[in-house]
Amino acid sequence: AEDEAAAAERVAAYLLRADAAGEDGAPAHLVLVGVYPTLENPYGNGFVHRRVKYFQAAGVRVHVAVVDPGAEPHVYEYDGVTVLVGRGPEAAELLRTRAYASVGAHFLGRTLWEPVKDALAGHRFFAFMHGYESRRWIRTVRNHRTQGQIDDAIEDTLVRQRFWREVLAHPNCPERFVFVSRWWRRAAQEDMELVFPGQRSAIVHNVIDTDLFGHVPKDPEQRFRVLWVRSAANLNYGPDLAVKALQRLRDTPLWERMTVTVIGDGKHFGLFEQAFAEDANVTVERRYAVQEEIAALHREHGIFLVPTRLDSQGVSRDEAMSSGLVPVTNDAAAVREFVDADCAVLAGFEDVAGLADGLRRLMEDPELFLRMSEAAARRVRAQTSPEHTVEREMALMGLVPARTDRTEGTA
């Protein structure tokens, strides 16, 4: 009772701050999430923050509640968004206090679900399915080095399967499960060994900021400038594949003309540092880059090296394509849902030779490079620009009128 009373006080104080910036009469939306960006950690679910900014720009009043059992409850501001951090009672109190037009949860798991499940009664609730929350252990098997790690991953899968069965059976089950790709809806059902009913499912891709990642036509010489900017925290994103593909070009005449920029961090980033320590034409920087800097890097480069073993969409690839870079990637997971041979080099799964050959073809054929660059920028604008993503998302949740020239992406 004491905790609930304190939570009610914190929520009242939060609403005073959050509502001061909102428009009277605007529809209200609540975002539930386990992590949100801070000044110290701007990468914490930054793609959720991009959604929030689009919602705000459309006139929606957005509240953000972070549920973190280990956090000290507090309120903070980030880039025009007022964020409430609590251990769970705060989010439940918000739901009991306000009649939201809709509630969206990202990466729904037991930690997020348990404190709010009963308080969701009467709210339109949407679960956004990005990948991590509903996949089985085998998809990330390369990240497990010991039998103990594999055993833990298998147990984690069993726990997740039980969790989603509980959610689907609960009276406050989400009105819609919103998947970032059709591939991921199929994969999540296979991994969790259950069916997310078609009438309760929708497909809405993650948004790409086509203004920030604007398309500036490429110079043919930029085909020799290769960029890799991504987390190397695990092997899903193939940092080892990127290293091996670049090493194959080291023994070709193209190498002397190439400039390679590698920026990132994580457990496997050392692969780049070790492989290219002696190469003057390869810049390797262990750090993370903010969105604006990545957009500037896009303008300087022509090829985006983005191998993958597991992408439910591939936001960093789509951002690069939006800027006119030609992606060199693998035909894995959901990738083919977002690219084709006209706008990307699609090597086979685990195919290092295919990645290297694709790099070589682009560098040897400036007309091919320019044609694919233009096609890449067009593809993003036709599929993952704001009008195809967050506008549909807002219409799905009743925050803005649905456009009549499009139907909702169900599958």
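This passage describes the strands, helices, nonpolar cores and selected residues of a predicted model.

Strand 10 (residues 259-264) has strand neighbours with which it pairs. With strand 9 (residues 225-229), strand 10 is joined by 5 bridges, and the two run parallel. Within this pairing, Trp228 has Val262 of strand 10 as its bridge partner. Between these two strands the chain passes through helix 7, and the resulting β-α-β crossover is right-handed. Strand 10 also pairs with strand 11 (residues 282-286), again in the parallel sense and over 5 bridges. Here Ile263 is found opposite Glu285 of strand 11. A right-handed β-α-β unit is formed by strand 10, helix 8 (residues 270-275) and strand 11. Strand 10 is mostly covered, with 5 of its 6 residues buried. In a regular strand, side chains alternate between the two faces of the sheet.

Arg250 lies in the loop that links helix 7 (239-249) to strand 10. Its relative accessibility is 28%, so Arg250 is classed as partly exposed. When residues up to four places away in sequence are not counted, Arg250 touches Trp255, Ala275, Phe276 and Asp279. The C-alpha atom of Arg250 is separated by 15 Å from that of Gly358, a residue 108 places away along the chain.

Gly358 is one of the buried residues of helix 11. This helix (residues 352-364) has 13 residues, and the distance from its first C-alpha to its last is 18 Å, close to the 18 Å expected at 1.5 Å a residue. The other buried residues of helix 11 are Val352, Gly354, Leu355, Ala356, Leu359, Leu362 and Met363. In an α-helix there are 3.6 residues a turn, so residues three or four places apart point the same way. The elements against which the buried residues of helix 11 pack are strand 9, helix 7, strand 12 (303-305), strand 13 (326-330), strand 14 (345-347) and helix 12 (366-383).

Helix 10 (residues 315-322) is mostly covered, as 8 of its 8 residues are buried. These buried residues include the charged-name entries Arg317, Asp318 and Glu319. Val315, Ser316, Ala320, Met321 and Ser322 are buried as well. The buried residues of helix 10 pack against helix 2 (46-57), helix 9 (291-300), strand 12, strand 13 and helix 12. Just after helix 10, Gly324 has a positive phi of about 95°.

Nonpolar side chains in soluble globular proteins tend to be buried together. The largest nonpolar core in the model has 53 residues, of which Leu32, Leu94, Leu108, Trp164 and Phe177 touch the most other members. Helix 6 (residues 182-192) gives the most to this core, with 5 residues. Apart from this core lies another, of 34 residues, with Phe224, Leu249, Phe269 and Val352 among them. Leu108, in the largest core, is in contact with Trp113, Phe125, Ala127, Glu133, Phe163 and Trp164, leaving aside its neighbours within four places in sequence.

Two cysteines were also examined for burial. Cys173 has a relative accessible area of 7% and is therefore buried. Cys343 is likewise buried, because its relative accessible area is 1%. A disulfide is a covalent bond between the sulfur atoms of two cysteines. The count of disulfides in the model is 0.

Technical notes: Residues are numbered from 1 along each chain as its sequence is written. This is a predicted model: local features need pLDDT of at least 70, side-chain atom pairs count only at pLDDT 80 or more; totals for chains, interfaces and linings use all residues. Side-chain values use heavy atoms; hydrogens and water are left out. Helices (H or I, at least four residues) and strands (E, at least two) are DSSP runs, numbered from the N terminus. Buried means under 20% relative accessible area, exposed over 50%, partly exposed in between (1.4 Å probe, protein chains only). Contact means heavy atoms within 4.5 Å. A nonpolar core is a set of buried Ala, Val, Leu, Ile, Met, Phe, Trp, Tyr and Cys residues joined through side-chain atoms within 4.5 Å. A disulfide is a pair of cysteine sulfur atoms within 2.5 Å. Two strands pair if DSSP finds at least two bridges between them. A crossover is right-handed if, with the strands pointing away from the viewer, the path from the first strand over the helix to the second runs clockwise. The expected span of a helix is 1.5 Å times one less than its number of residues.
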